[in-house]
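Dear colleague,

I am passing on the structure below, together with some notes on what I found when going through it. Please read the notes with the structure open beside them.

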Amino acid sequence: MLGLSAILLLPLLPLVLTRASHSAAITPWALHARQIPTGSEIFSCPAASWPPASVGSLLTPQAPDVELQTILSEVDPKRIEAIITKLASFGTRHTLSNQTDATRGIGAARDWIEEQMRSFAAASSGRMEVTVPSYVQGVADRILFPVRISNVVATLKGSVDPGRYYVISGHYDSRCSDPNDYLSDAPGADDDASGVAIAMELARIMATRRPAATIVFAAVAGEEQNLYGSRFLAQTYQNASVNVQGMFTNDIVGSSTADDGTKDPYTIRLFGQGIPTTESAARSRQRGLIGGENDSPARELARFVVGVAENEYTQMNIPIVYRLDRFLRGGDHRPFLEAGFAACRFTEPNEDYAHQHQDVRVENGRQYGDLIDFVDFDYVARVGKVSAAAMWSLANAPMSPQNVTVNTTLLSNDSQFTWLANNDTLTAGYEALWRPTDAPLWTHVVPLGKVKTATINLSKDNAIFGIRAVGKDGYASPAAFPFPG
């Protein structure tokens, strides 16, 4: 008999079986769409029938409004193909490669990305600013000589809450087999021209629009050498006390075909860190004691993405992977997490390591190298739609409520919550979300109104709770997990 968590994960099972059977068949997204049972079905199994579902109503995903539907329809696979093709044409984009040659090396790529971003900004009526912040990195791990690390950053200022930031990035540097070989070709089509293409395509589409909060579209350098560019960007925001409420990196999002031929073109993995490394030891102990280890800011951000971007408009399944990243790998979300910001990573479901970090060559009849031949541009466009839905929904929702607490001073079968009310014009009210303690996603919602305290007739001992803010237009924030207070 399946429990609730198993029921929620059922749509993912065929994907695992497809991998195991080495099938190369493409399965339509609709067959794998996450379906949450309704009514009594969700509690038809005794193991999933508790706590009772009489509190609140079943949570339904947030459907895109007309404007977001239009944004998603404008994500163009042909434009994404053109961007990836151009980036791959620079030969190598290694961080230590030539920065003054007009046609080869990371400098040529940087200048072209900047030129394109500025052309997008020209249509923004002054709302989008493009900068190329940089610094000189001294000799260090994988840095053989002092080198300038430059990021290309397009910032689209919010129209209502410009001090609240959301960042999406890809890294435009590349590498071959030897991480210090800055002369050989390293086209980096999948890793990570695909992620840069998404950031650039969304910058183009959103430049003419007015999100409530600020959205940053970034192409960073130095990722392959040790995340230097993203660390510089994250520390810049941290030092300036910028209110970064969420960050995503798209890294290796160009192909859904594995080394054995398995194809999964309707899935994108979303990596979400558990207990934040920036928490104090006391807060981490408290989180563990109250069962909050699965409700870090990064995991709430990941749940939010599933709720707004796993739908017929993106045609994508978004399994959340409960870890920082893949084994032996790293990504540009990590420096943001280390700076105390919520951040997640998108990565294709089945990686082919012959097409990552490899010299371009044919060996025993097999083609190696991160070549454009192996990129699925329609797949990248669908991943771009997931990113667009997430960024636009975050930027137009109110900020998550702050200082959310649950009253643990009394023995009670009710749950009492308090939080700081948002001081903005976006918030229309608040909602409590809850789920059984073994469920991966929120299952129920309780409307609370425009208040800053609420009592819910469900014991805090028996469920996981979160509080979210809801806007007048229906956009809702990620949930905030309550700590005892």
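Helix α11 (residues 297–309) has 13 residues, which at 1.5 Å a residue should span 18 Å, and its end C-alpha atoms are indeed 18 Å apart, so the expected and the computed values agree. Please keep in mind that this is a predicted model. Eleven of the 13 residues of α11 are buried, so this helix is largely enclosed by the rest of the structure. The buried residues include the charged-side-chain positions R299, E300 and R303, and the list also holds A298, L301, A302, F304, V305, V306, V308 and A309.

One residue of α11 leads to another part of the chain: the C-alpha atom of G307 is separated by 4.8 Å from that of P61, although the two are 246 residues apart along the chain. P61 has its place in the loop between β1 (57–58) and α4 (66–73), and, at 59% relative accessibility, P61 counts as exposed because the cut-off for that class is over 50%.

Helix α6 (residues 106–121) has 16 residues and reaches 22 Å from its first C-alpha to its last, which is close to the 22 Å expected at 1.5 Å a residue. Its buried residues are I106, G107, A108, A109, R110, W112, I113, M117, F120 and A121, and the partners against which the buried residues of α6 pack are the helices α5 and α7 together with the strands β2 (128–131), β4 (147–150), β5 (152–156) and β7 (213–220).

The two helices among those partners also meet each other, as the axes of α5 (residues 77–88) and α7 (residues 189–206) come within 9 Å and cross at roughly 130°, which means that α5 is oblique to α7. The crossing in which α5 passes α7 is right-handed. On the side of α5 the contact is made by R79, I80, I83, I84 and L87, and on the side of α7 by A189, A193, S194, V196, A197, M200, E201 and R204. Sorted by class, this contact of α5 with α7 has nine nonpolar residues, one polar residue and three charged residues.

For the protein chain taken as a whole, there are 13 helices and 20 strands, and buried residues make up 58% of its 485 residues. Of the contacts in the chain with a separation of 6 or more, 75% are accounted for by residues 24 or more positions apart.

With best wishes

Methods
Residues are numbered from 1 along each chain as its sequence is written. This is a predicted model: local features need pLDDT of at least 70, side-chain atom pairs count only at pLDDT 80 or more; totals for chains, interfaces and linings use all residues. Side-chain values use heavy atoms; hydrogens and water are left out. Axes are lines fitted to C-alpha atoms, for helices over the stretch in contact, and angles run from 0 to 180 degrees between N-to-C directions. Helices (H or I, at least four residues) and strands (E, at least two) are DSSP runs, numbered from the N terminus. Angles under 35 degrees count as roughly parallel, over 145 as roughly antiparallel, 65 to 115 as roughly perpendicular and the rest as oblique. A crossing is left-handed if the near helix is turned anticlockwise from the far one by less than a right angle, and right-handed if clockwise. Contact means heavy atoms within 4.5 Å. The expected span of a helix is 1.5 Å times one less than its number of residues. Buried means under 20% relative accessible area, exposed over 50%, partly exposed in between (1.4 Å probe, protein chains only).
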